[in-house]
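Here are some short exercises to work through with the model open beside you. Try each task on your own before you read its solution.

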Amino acid sequence: VNPETESLGTLPSELDIREHKRHKLQLRAICKDSQTGQSLGSASTVDICETGLKVHYLENLTQGRIVNFRLEAFDGSCTPLETCGKICWSGHGRCGVKLTELVPVDFLKSLGIN
């Protein structure tokens with residue numbers, strides 16, 4: 001494996017040493033301003049781990065903003081999760097979110113992630 005040409009997502013799991021494994025999922029992320037409760041729109045998540053999310057970019061999801069998220073499966077197959085996080089980066093049509101609390105293990109299990 002040439003680390004110069006391979007992306008993290010294509011590495012074999014035994015070579016992936018990130019602390020929290022990310023999982024590609026299609027979830028609806030309903031976004032609200034954490035202070036005013038104003039709706040910021042709805043985006044789909046690109047991936048999720050215990051400490052964060054990567055979501056499709058919305059105009060109001062600016063770096064440094066604290067946002068409340070309601071995560072739910074498009075097919076209603078899991079109990080929705082209410083969580084909060086800070087937008088840490090944005091680019092290439094995506095935003096990175098550092099969550100204020102770890103994603104509960106029960107929520108990940110309900111999505112089929114062990």
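**Warm-up: cysteines**

Cys88 has a relative accessible area of 34%, so this residue counts as partly exposed (buried means under 20%, exposed over 50%, partly exposed in between, with a 1.4 Å probe and protein chains only). Keep in mind that this is a predicted model, where local features need pLDDT of at least 70, side-chain atom pairs count only at pLDDT 80 or more, and totals for chains, interfaces and linings use all residues. Residues are numbered from 1 along each chain as its sequence is written, and side-chain values use heavy atoms, with hydrogens and water left out.

**Exercise 1.** Work out whether Cys31 is buried or exposed, and how many disulfides the structure has.

*Solution.*
- Step 1: Cys31 has 0% relative accessibility, so put it down as buried.
- Step 2: A disulfide is a pair of cysteine sulfur atoms within 2.5 Å.
- Step 3: For Cys31, the closest cysteine sulfur belongs to Cys95, and because it sits 8.5 Å away, it's too far for a bond.
- Step 4: Searching the whole structure turns up 0 disulfides.

**Exercise 2.** Find out which strands pair with β3.

*Solution.*
- Step 1: Strands (E, at least two residues) and helices (H or I, at least four) are DSSP runs, numbered from the N terminus. Two strands pair if DSSP finds at least two bridges between them.
- Step 2: β1 (residues 23-24) pairs with β3 in the antiparallel sense over 2 bridges, and Lys24 stands opposite Asp47.
- Step 3: β2 also runs antiparallel to β3, joined by 5 bridges; Ile30 has Ser42 as its bridge partner. These two strands form a hairpin with 5 residues between them, and Gly37 in the turn has a positive phi of about 80°.
- Step 4: β4 is antiparallel to β3 too, with 3 bridges, and Thr45 faces Val55 there. This hairpin links β3 to β4 through 3 residues.
- Step 5: Now check burial: 7 of the 10 residues of β3 are buried, so the strand is largely enclosed by the rest of the structure.

**Exercise 3.** Which element gives the largest share of the largest nonpolar core?

*Solution.*
- Step 1: A nonpolar core is a set of buried Ala, Val, Leu, Ile, Met, Phe, Trp, Tyr and Cys residues joined through side-chain atoms within 4.5 Å.
- Step 2: The largest one has 26 residues, and those touching the most other members include Leu71 and Phe107.
- Step 3: The largest share, 4 residues, comes from β5.
- Step 4: Leaving aside neighbours within four places in sequence, Leu71 is in contact (heavy atoms within 4.5 Å) with residues including Ile48, Leu53 and Phe107.
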